[in-house]
Amino acid sequence: MRYLKFPYIPEHKVTHVLLDKRAYNKFIYALEDLGVKIVICESCDDLYPAISSHPDIFYFHYEGNLIFAAPNSPRKTTDELRKLGFNIIFGEKAVLGKYPEDVRYNIAKVSTKVFHNFEFTDRIVAKKIEEDNLQRIHIKQGYTKCSTLIVNTNAIITSDRGIYKKALENRIDCLLISPGFIKLEGLNYGFIGGCGGLINKNLMAFNGDISMHPDYLSIKNFLKKYDIEILSVAGLQLSDIGSIIPLCQE
């Protein structure tokens, strides 16, 4: 078992993932059939119900075995991450129910480029990014990781025009898709980054049926360009579960 060099971008078959406890059962079974072990993200009452157990709200996987966590991240989940050998560094501020206090750790790190609204980034996380001289790409969208499906070290998919524009400006290949068509209980819609994630270098998994999305063919072709196949749950509407976070790989 090894850790990922870059978050969300495995080089081999993933052995463990971090998932919202509300992921579809059929999706969990599909992952387990592939030998993937699930670490469940429990809920926190400090947040509104729609995102109260979204892992990408509480945790920012920085690199290797280093994860930044909100001080009020679910204790049971954090303990499970420690059991896998992760070094958990707590940020300065908790995540709370009102935007932008819930987006401090919702960061998209694409190789050495970091997308976020840096007005809201937790100070301890921002200091680490600065110390490591990573490229900061400031955007307006605070729910950055939710809005960003990371395909590889130089490609992403998003429905956010601001992220799309900044990606292209920084020579990252990006597919812009239509907003909506992704369920997020209690809100109008969720985001593409929140319902998907790589579980192998060449396999993208979705919590729901990606073929039901109106831009399915564009998504499929974009992934095919990078030799990535799709694992999808037929017949179920895509549902935003705060990202599928690959933790360890073979």
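Are phenylalanine 60 and phenylalanine 68 buried or exposed? Select the two residues to begin the tour: both phenylalanine 60 and phenylalanine 68 are buried, where buried means under 20% relative accessible area, exposed means over 50%, and partly exposed lies in between, for a 1.4 Å probe and with protein chains only.

Before going further, note that this is a predicted model, in which local features need a pLDDT of at least 70 and side-chain atom pairs count only at pLDDT 80 or more, while totals for chains, interfaces and linings use all residues. Residues are numbered from 1 along each chain as its sequence is written, and side-chain values use heavy atoms, with hydrogens and water left out.

**Stop 1: aromatic rings**

Keep phenylalanine 60 and phenylalanine 68 selected and look at their rings, which form a stacked aromatic pair, 6.4 Å centre to centre and with 20 degrees between the planes. Rings of Phe, Tyr and Trp (for Trp, the six-membered ring) pair if their centres lie within 6.5 Å, and planes under 30 degrees apart count as stacked, over 60 as edge-to-face and the rest as tilted. Add Tyr62 to the selection, and you have one aromatic cluster made of Phe60, Tyr62 and Phe68. Then show lysine 109, whose charged end sits over the ring of tyrosine 62, 5.0 Å from its centre; this description applies if NZ of Lys or CZ of Arg is within 6 Å of the ring centre and within 35 degrees of the ring normal. Arginine 136 can be viewed in a similar way, with its charged end over the ring of phenylalanine 118, 4.3 Å from the centre.

The structure holds nine aromatic pairs. One of them is edge-to-face and joins tyrosine 3 to phenylalanine 86, at 5.0 Å centre to centre and 65 degrees between the planes. Tyrosine 3 lies in strand β1 (residues 2-3) and phenylalanine 86 in the loop between α3 (75-83) and β6 (87-90), so the pair ties together parts that are 83 residues apart in sequence. Helices (H or I, at least four residues) and strands (E, at least two) are DSSP runs, numbered from the N terminus. Tyrosine 3 counts as partly exposed, at 28% relative accessibility, whereas phenylalanine 86 is buried, with a relative accessible area of 4%.

**Stop 2: helix α4**

Select residues 123-131, which make up helix α4, and colour Val125, Ala126 and Ile129, which are buried. Seen down the axis of α4, these buried residues fall within an arc of 100 degrees, so they line one face of the helix; the arc is that of the directions from the helix axis to the C-beta atoms. The face turned away from this buried side carries the exposed residues Glu130 and Glu131. What covers the buried residues of α4 includes β4 (59-63), β5 (66-69), β8 (113-116) and β9 (135-138), where contact means heavy atoms within 4.5 Å. After α4 comes asparagine 133, whose phi is positive, near 55 degrees.

**Stop 3: helix α1**

Move to helix α1 (residues 25-33), where the buried residues are Phe27, Ile28 and Leu31. Looking down the axis of α1, you will find its buried residues within an arc of 100 degrees, so they line one face of the helix. They pack against β2, β3, β13 (196-200), β14 (203-206) and β15 (229-231), while Asn25, Lys26 and Asp33 are exposed on the other side of α1. Just after α1, glycine 35 takes a positive phi of about 85 degrees.

**Stop 4: an open sheet**

Show the four strands that form an open sheet in the order β1-β16-β2-β3, with mixed pairing; two strands pair if DSSP finds at least two bridges between them. The edge strands are β1 and β3 (37-41), each of which pairs on one side only. Strand β2 (residues 14-20) and strand β16 (residues 245-249) run antiparallel and are joined by four bridges, and valine 14 has glutamine 249 in β16 as its bridge partner.

**Stop 5: backbone details**

Most residues other than glycine have a negative phi, and most peptide bonds are trans. Select tyrosine 99 and proline 100 to see a peptide bond that is cis, with omega near 10 degrees; proline 100 is found in the loop between β6 and β7 (108-110). Aspartate 227 has a positive phi, near 60 degrees, and is exposed, with a relative accessible area of 60%. Finish at serine 243, in the loop between β15 and β16, where phi is positive, near 75 degrees, and the residue is buried, with a relative accessible area of 0%.
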